[in-house]
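Please open the structure in your viewer and keep the selection panel at hand. The stops below are meant to be visited in order.

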Amino acid sequence: MSADGVVDLRRPEPLEPDEALEVVSSAFGLAVSHPVTLGGEFDQNLRVTDPTGRHYLVKVSALPDAGPSTADWHERILLHLQTTAPELPLPRLIPALGGHRYVIAPTSKGDRMFRVLSWLTGAPLAEQEHSDELLGELGRVAGLVSNALASMPEPSTAITHDWDMRRARDVVDRSIGAVDDPQQQADVSEVMRWFDTIEPLLADLPRGVAHQDLNDSNILATTDPDGRQRISGVLDIYDALYTARVAELAVATGYALVRKQDPMHVAQLVVAGFNAVAPLTDDELAAVFPLAAARLAMNAVTWTQRNANTRNDHGARRMQHTWPALAKVARIDPDYAEAALRVACGRPAHPDARRVAAAVATPAAPWSTAERSAVPVDTGTASDLFDVINWDQPAEVGRAVDGLLGSRADGFGVIDHLRPNLLWAGQRGVGADEPATTTLGTRLLLREGDPVTCPLGGVIETGDGLVLRHDVVDDDGPLTFRTHWHGLRPTASGPDVAAGAALGSAHGDAGDGLGTAVGVSVSLARRHRPGAGWPERVTPGAAAVFAELSPDPAALLGLERASASTLRAQNVLSIRRERLASSQRAYYRAPMNLQRGRGVWLYDEDGYGYLDSLNNVTHVGHADPRVAEASRRQMNKLNTNSRFLYEGISTYAQKLTDTLPDPLNVVFFVCTGSEANDLAVRIARQVTGRADIAIIDGAYHGNTGVVTGLSPNRYKGPGGAGAPPTTHEVMIPDRYRGPFGYDDPDAGSKYGAEAARLFDDMVSSGHPPAAFLAESLMGTAGNIVFPDGFLATAFAAARAAGALVISDEVQVGVGRMADTFWGFELGGVVPDIVTMGKPLGNGHPLAAVVTTREIADAFDTGMKYFNTFGGNPVSCAIGSAVLDIVLDDGLQQHAGEVGRYFADSLRQVQRRRPIIGDVRGQGLYLGVELVRDRDTKEPAKAEAFEVTELMKAEGVIVFPNGVHDNVLKIKPPMIFQREHVDIYCEALDRVLSRL
């Protein structure tokens, strides 16, 4: 230790592992072997194993100038933690033969200090993805460590070193010269400016002993069988110091920000976890984010400087991730960060935020000299304003807004504070990529030149737009806040503006999406950094913080805030859980509240757009205006049941059967694919007089009582009761997992022969099949594309056994297969019965069974078949419009072009990501099978569901299916374009890189 108390941390020249083992054996009496070298900044760390298989950690250290005194201090800390916090997962010191907890021994490299500790299971956080729950636990563990060390006496001699948070400025200044990149220099400069602001606070903050190195290499975590991550180890107390308590939290937070897309969200989780067990003061909350950022800066510049002289793999890995993390952190407003951390800890965003709201509850003067009537303008996702217009076309939106406001001179529009705005909609992203879709402040829609007066006296300051500072006095004393005005041409003559005095006039560009109106934004600001600007819109994730940092200015303007017209996601989910059966599950852990669809995009309550790669229900795209218009026109004329005579059912039946080969020309209209399959099976059983049905293993055919019993996906799944005695399974023709693979040119006929053997067995056992029910491409089973020859062989064998063959086209028909209009046509076969559903109605419940005249007549034994809603006039109008769009827009050919590009793009990702075992598909129906090992093909089920969640965060909707729930199913609207393929594959590549 130097005279100023700085510990000299020099990396020793490493020993040969065998020499270290000899010392461990002689000094600690441990017969260990199989040394594994671990990373470390200064110490040489080895994992060793005794004859029973138990692991130990051996630390070999150079002697600091203070020698054993520093080691004694560290060991006392570890023993203190073991005594005061036995619940913490800490390593235990293994005493040497003489009872000492360390040994100083001569080696070929000079004297070295040896310590042996028990081994902790788990992997470092640096090697794992971190769930929100794990990040919260990290904060709690840091808080427990801090609480446990609070009773540790201050050392008799002050200790510091290069990772001492109090020395951040000195450490950075000493090493910044090694940084060549101008942007990296600027990022360091920015966060160190924050540090300089809070550095004077450190001396007065709560103090104590701190581990001070809870970084992502020193914290271990394991994953339970249920997928829950838990912290399993806290390592390396050898940077411990007596310092400001908040340093403990700052270090843990700083390293948690590394490799994260949304650093602020991460900081909130960690800080809230710490605060839950070790409540923070307001000053500590003000200091923690600047300190965490400074820690990243210290790390980045220190390792850059060290690596400029000597290559260090540990440091190189650190810099690889630390610099990008620092770049993201440096772009976060520290004032906002403090407010967000306060909110995360259950406190007001600013101690005075509620005083500001009270101060503006009543305007001192009207905001405008004219009496005006306010017209609420809803620009949210669910607004009727956007139902029949393209909201990304300013002219269309402008005409709609003008129509809403009318031509009255005394009317003006109002867009409420902190409301989502579809005009700013964007694809859902994470962190800096999250679109700012929420209006900050009240937006007034005025006419060019309309005068605006000051509702509350203030002083004009420089800033983005017009900034007024307001100094008031309330019961708690002086209070300062600001109003930000955007869209005004200032007319105030001096810096002081009295209430009721002229402030400016509305000024802006017409045609910016508001028609002839000019948008004037007014927002309240509790915080203001000159030159930093003040946003007119924020991300929904920041809305809770800004709700307090920037109270609603409606009262200041003498306006009434419109009541919210829609339920938020948590409200919808709560009601759903209360009023719907638990078996009716929604996608995702935290489902988004969808309010609008358009084309290949779905939009939630916050205006976030999600690329829909899943929805074969909306075959020609969400909210296609031609389909919607066909429905509206017919609904305005007639809707009734199919026992009345009306033209639509006949013309649509003709149009539908025109797409099918002869002799499939008789239609039964129903409402759902499940109904269609149920009816098809009923027809087959009645016509053949038999009860038994053959299906393909893994299939799903619907949710009625009959077809659930014909769906292995259901009866073999959780809660399933197994196959009914009349159900018989054909081997699934899976060329990736089955016995006949992609390399077998005869795979189709071999799988078909397996089906033929089943039919023969059914006949010989006295249970001949009434029908063979088969999807033309297996969807729920994992997007299985049949090998050539399978359907032809299986169909021929089924018919030879006296069965009817039923093609289930509910998911795959109507042009999706690209090379043919119907899936069965790929196999060169014509079934006896075809069932169809989802694509026909583009989201409207419309389905059908089509068969031959002979079979239909045989089914008519006198008992009437009737479906109240099947084939009603509105359904037929919609179905006819969908067929016209598919045929007239060339969507079948389009499915081939885009589908081939999609498959090629996915295979490029597969080459980079070994978790992808197989890519398969036909047209716009594809599957990506995830495996943990390409050789064993172990299904990556947990990973598939995690990909689903991560892709949702990236703004792409996917979900797994398959026998093992490990296949990402891809069946988007048929209007999917190459640009959408690129969005999907780029997001998938990013997500898989994180796994």
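The tour visits a cavity, then a strand and its partners, and finally a residue in a loop.

**Stop 1: the cavity**

Please bear in mind throughout that the model is predicted. A search of the whole structure finds one cavity of 30 Å³ or more. The space in this largest cavity amounts to about 40 Å³. Rolling a probe the size of a water molecule over the atoms shows where empty space is left.

To display the surroundings, select Leu125, His130, Leu138, Leu214, Asn215, Asp216, Ile219, Ala252, Tyr255 and Ala256, which line the largest cavity. Colouring this selection by class gives seven nonpolar, two polar and one charged residues. Which helix supplies the largest share of the lining? Select residues 246-256, helix H6, from which three of the lining residues come.

**Stop 2: strand S22**

Next, select residues 502-506, which form strand S22. Is this strand largely enclosed or largely open? Four of its five residues are buried, so S22 is largely enclosed by the rest of the structure.

Add residues 451-453 to the selection to show strand S16, which runs antiparallel to S22 and is joined to it by three bridges. Then add residues 488-490, strand S20, which also pairs with S22 in the antiparallel sense, over three bridges.

Now centre the view on Gly504 in S22, the bridge partner of Val452. Gly504 is likewise the bridge partner of Pro490. Labelling Val452, Gly504 and Pro490 therefore marks a bridge from S22 to each of these two residues.**Stop 3: Ser505**

Remain in strand S22 and select Ser505. With a relative accessible area of 12%, Ser505 is buried, the cut-off for that term being under 20%. Which residues does Ser505 touch, leaving aside its neighbours within four places in sequence? Show Gly449, Asp450, Pro451, Gly487, Leu488, Arg489 and Thr491, with which Ser505 is in contact. Among these contacts, Pro451 falls in strand S16 (residues 451-453), while Leu488 and Arg489 fall in strand S20 (residues 488-490).

**Stop 4: Leu88**

Finally, select Leu88, in the loop between helix H2 (68-84) and strand S4 (103-107). Is Leu88 buried or exposed? Its relative accessibility is 3%, and Leu88 therefore counts as buried. Leaving aside its neighbours within four places in sequence, Leu88 is in contact with Val141, Leu144 and Val145.

For a last view, display Leu88 together with Leu950 and draw a distance between their C-alpha atoms. The two residues are 862 residues apart in sequence, and the C-alpha to C-alpha distance is 31 Å.

Key: Residues are numbered from 1 along each chain as its sequence is written. This is a predicted model: local features need pLDDT of at least 70, side-chain atom pairs count only at pLDDT 80 or more; totals for chains, interfaces and linings use all residues. Side-chain values use heavy atoms; hydrogens and water are left out. On a 1 Å grid over the protein atoms alone, a cavity is a set of points where a 1.4 Å probe fits but cannot get out, and a pocket is an open set with protein on both sides within 12 Å along at least five of seven lines; lining residues have an atom within 4 Å of a point. Grid points are joined across faces, edges and corners, and a volume is the space filled by probe spheres set on the points. Ala, Val, Leu, Ile, Met, Phe, Trp, Tyr, Cys and Pro count as nonpolar, Asp, Glu, Lys and Arg as charged, and the others, Gly among them, as polar. Buried means under 20% relative accessible area, exposed over 50%, partly exposed in between (1.4 Å probe, protein chains only). Two strands pair if DSSP finds at least two bridges between them. Contact means heavy atoms within 4.5 Å.
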